[in-house]
Amino acid sequence: SVNKTRPAIIYIHPWETYIGTPRLELPFIPKFITYYNLNLALDKLNKLLRDFEFTSIKNVLSAYYGLI
């Protein structure tokens, strides 16, 4: 089960959202790790946006930790 109330941070490299990004010549394993299922990145991002609530880091620090 996923805790949907605890804050978390996600980061996506901009190149991961663009299927047309030129691909580097890499050895097999780094190439596999870097590019496998790259075509699904936007679908995964859309699912995150549908399933979770997002806010700024400023709001999280203020609400949960009394900072800022």
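How many aromatic pairs does the structure hold? The structure holds four. The model is a predicted one. Its chain has three helices and zero strands, and 4% of its 68 residues count as buried.

**Fold and dimensions**

- Along the sequence, the elements of the chain follow the pattern α-α-α.
- The radius of gyration of the chain is 16 Å, whereas a compact globule of 68 residues would have a value near 11 Å.
- Taken along the principal axes, the box filled by the C-alpha atoms is roughly 45 × 25 × 20 Å.

**Surface and charge**

- About 6,200 Å² of the chain is exposed, and carbon and sulfur atoms supply 61% of that area.
- The share of residues that count as buried is 4%.
- There are 8 positive and 5 negative side chains in the chain.
- Between the centres of the positive and the negative set lie 4 Å.

**Aromatic pairs**

- A pair of aromatic rings is described by two quantities, the distance of the centres and the angle of the planes.
- Among the four aromatic pairs of the structure is the one formed by W15 and Y35.
- The rings of W15 and Y35 are 6.4 Å apart from centre to centre, with 70° between the planes.
- The W15–Y35 pair counts as edge-to-face because its angle of 70° is over 60 degrees, the cut-off for that class.
- W15 lies in the segment before α1 (28-35) and Y35 lies in helix α1, so their pair ties together parts that are 20 residues apart in sequence.
- Ring pairs also link F28, F32 and Y36 into a cluster.

**Exposure of the paired residues W15 and Y35**

- W15 has a relative accessibility of 31% and therefore counts as partly exposed, as this value falls between the cut-offs of 20% and 50%.
- Y35 has a relative accessible area of 9%, which means that this residue is buried, the limit being under 20%.
- The edge-to-face pair thus has a partly exposed member, W15, and a buried member, Y35.

**Residue E25**

- E25 is located in the segment before α1.
- The relative accessible area of E25 is 74%, so E25 is exposed; the cut-off for this class is over 50%.
- I12 and E25 are 13 residues apart along the chain, and a distance of 22 Å separates their C-alpha atoms.

Note on methods:
Residues are numbered from 1 along each chain as its sequence is written. This is a predicted model: local features need pLDDT of at least 70, side-chain atom pairs count only at pLDDT 80 or more; totals for chains, interfaces and linings use all residues. Side-chain values use heavy atoms; hydrogens and water are left out. Helices (H or I, at least four residues) and strands (E, at least two) are DSSP runs, numbered from the N terminus. The radius of gyration is taken over C-alpha atoms; the globule rule is 2.2 Å times the number of residues to the power 0.38. Buried means under 20% relative accessible area, exposed over 50%, partly exposed in between (1.4 Å probe, protein chains only). Accessible areas come from the Shrake-Rupley method with a 1.4 Å probe; for residues, only the protein chains shown count as cover. Lys and Arg count as positive and Asp and Glu as negative; His and the chain ends are not counted. The place of a charge is taken as NZ of Lys, CZ of Arg, CG of Asp or CD of Glu. Rings of Phe, Tyr and Trp (its six-membered ring) pair if their centres lie within 6.5 Å; planes under 30 degrees apart count as stacked, over 60 as edge-to-face and the rest as tilted.
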